[in-house]
Amino acid sequence: MRHCEESDDEAIQKIPGLPRAPSMNSGSLAMTAVRDYYDFMRFHLVSGLRGETSSNALATLFMPISLQHVEHIARLARIRLTEDEKEPLRMDLAAILGFVEKLNEVETADIPPMTGGTTLVNIQRADKDARPETEHPATLLSATPETQNGYVKVKQIFTAMQ
Amino acid sequence: MDLTAFTIQRIGRGLCKKEFSVSELVAAYRQCIGEQNPTINAYLEVFDDARDHAALRDRELAEKLENNERIPPLFGVPIAIKDNILIRGKTASAGSRMLAPYTASYDAGVIRKLKEQGAIFLGRTNMDEFAMGSSTEYSAFGPAKNPRDASRVPGGSSGGSAAAVAAGMAPAALGSDTGGSIRQPAALCGVTGLKPTYGRVSRSGLIAMASSLDQIGPLAQTAGDARILFDAIAGRDEYDATSYDITEREAGSGKREVKDFIIGVPKEYFEQGLDPDIEQTVRNAIQMYEDAGAHIEEVTLPHAEYALSAYYIVVPAEVSANLARFDGIRYGYRAAQPENLLDAYEKSRSEGFGPEVKRRLMLGTHILSAGYYDAYYLTAQKVRRLIARDFDEAFARVDLLMGPTTPTPAFRFGEKSDPVSMYLADMYTVAVNLAGIPALSIPAGYVRRDNATLPVGLHLIGPRNSEDLILDAGEWLEERVKNH
């Protein structure tokens, strides 16, 4: 399927639809998690080309994430993306989600989920004011970007229908 | 007398014998910071009031000595604090533009405990934004450099703390560890770093990344110093319901001899991707324990290969929930001239967060959204249980586990590691956080790379509440590596 003298990079470039790592400023941000994710993904893909990974695992690499879905998630996360950011993020998400699909190999049917790091249960305290003295309203207000008459100032929430 | 070469233990003795004053000590560190920080960028801010606090400590010390009072081990000891731990009245930016304008309104639980002992805070240290990263290259304020070789990363996310200790800019520091953020930089900078058992140290006042994994811990020059700092910050705090005290029995029965140790060596930690020189250094260190009479046993952690996948679901999910609070309304960065409330949220978050934070927020939001939760988050939590069980089964047979902290020595800025190395790099440390158990990284030797001598970390992993045991084991090797 691939020539021996072909580098992994070259082999990858020939696969249609494979997300590519977005070009990055190599000086400051090259050692990034995006790169990590792409490396993971390429590792899996190359393993697949060598017949080391099941075709099922390969299929998951191309799990479709549409640009519309990226825009939907961004809205839910309250992040505004520029047009330039959308496609690289779409590829990142597809790559990462493809990577974590590895968990499907594990038989988890009867395993109770581990929902946190603690082994404590039902830690209770007396039902009285537990707020630290330092959490004074004036202290907290001083941290807000904008206040007016002792209130946090925000933009109008309800606006008149046009 | 180079005061900046002293350990916490040595500082304590020196202060009690009046060899030097707290003010002289603080001045020496501030001078060292002034000389080195322009290159290393370990500190984002140096606290000028440290001098006033030092003068106050000197007066208190004179009184205490006169009255034969007990001097706490951290009294007058200058400490560097990671930028995501709140000190009342100080900026805490978590390495992010989002919190650059934020002043802490209260002390973190660990800061309260350090203040009770009379410690002094030298400044706040550089880190990857919101602790997401392994090199400090994601700091919004420029990366920190490795003091061994400024062309290499100090590791991350607590890279500023590790670099400060390694360069003599602080005798010790606090960091936080969600997937290796204390141990990995400790290994790459050649210092000692402890990730405590989940819940042994209060998370109150730690800017949250992934709450079920985060722990604050010490970075120090020696295991003995790490123990002093850990003992100072550990224990129940009423503002963190997951924090707890332990009895002496739970902590283990006194100091044990190395010949009594049963040490497990997980075979999964020595597979493909491990730098051969690192493997040799780590195996040599384990051999030293065996030569001293410890019993060495190969063990297996069958789900180790899934740790990273589980981690990359649990972390972004918790990140997306925890960072929802940064809305540009209550604190932190607010974008100028928003059109409406939604615009204010979106603009503030888009301008305030860097690329890695945005990526994890997006991923976490997707994972937790309707229809995906069971497939991702629930599955990851089940695998997390299996990973924790692997450790339980190993600790039924052995006292502690040993392996490399990182698969490679400190890498260069912008360097691209090969994929398998990167996979394993995260795997050695993240599983410990998923299981909630403690682990220590101590210097085990050095490797040569180009013209640099780069440190190698030995990773010692123990069952819950075994900090004393792994520190004992680390202390033993430290004396031998030093005299080697």
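## An exposed residue before the first helix

Ala5(B) is exposed, because 12 other C-beta atoms lie within 10 Å of its own, where exposed stands for 12 or fewer such atoms, buried for 20 or more and partly exposed for the range in between, with C-beta atoms placed from the backbone. Ala5(B) belongs to the segment that precedes helix H1 (8-16) of chain B, and its C-alpha atom is separated by 9.4 Å from that of Met169(B), 164 residues further along the chain.

## Basis of the model

This is a predicted model, in which local features need pLDDT of at least 70 and side-chain atom pairs count only at pLDDT 80 or more, while totals for chains, interfaces and linings use all residues. Residues are numbered from 1 along each chain as its sequence is written, and chains are lettered from A and ligands numbered from 1 in the order in which they are written.

## Overall form of chain B

Chain B has a radius of gyration, taken over C-alpha atoms, of 22 Å, which agrees with the value near 23 Å for a compact globule of 484 residues under the rule of 2.2 Å times the number of residues to the power 0.38. Its C-alpha atoms fill a box of roughly 65 × 55 × 50 Å along the principal axes, and buried residues make up 63% of the 484 residues.

## Nonpolar core

The largest nonpolar core (buried Ala, Val, Leu, Ile, Met, Phe, Trp, Tyr and Cys residues joined through C-beta atoms within 7 Å) has 172 residues, and Ile79(B), Ala307(B) and Leu400(B) have the most contacts inside it.

Notes. Helix = DSSP H or I, 4+ residues; strand = E, 2+ residues; numbered from the N terminus.
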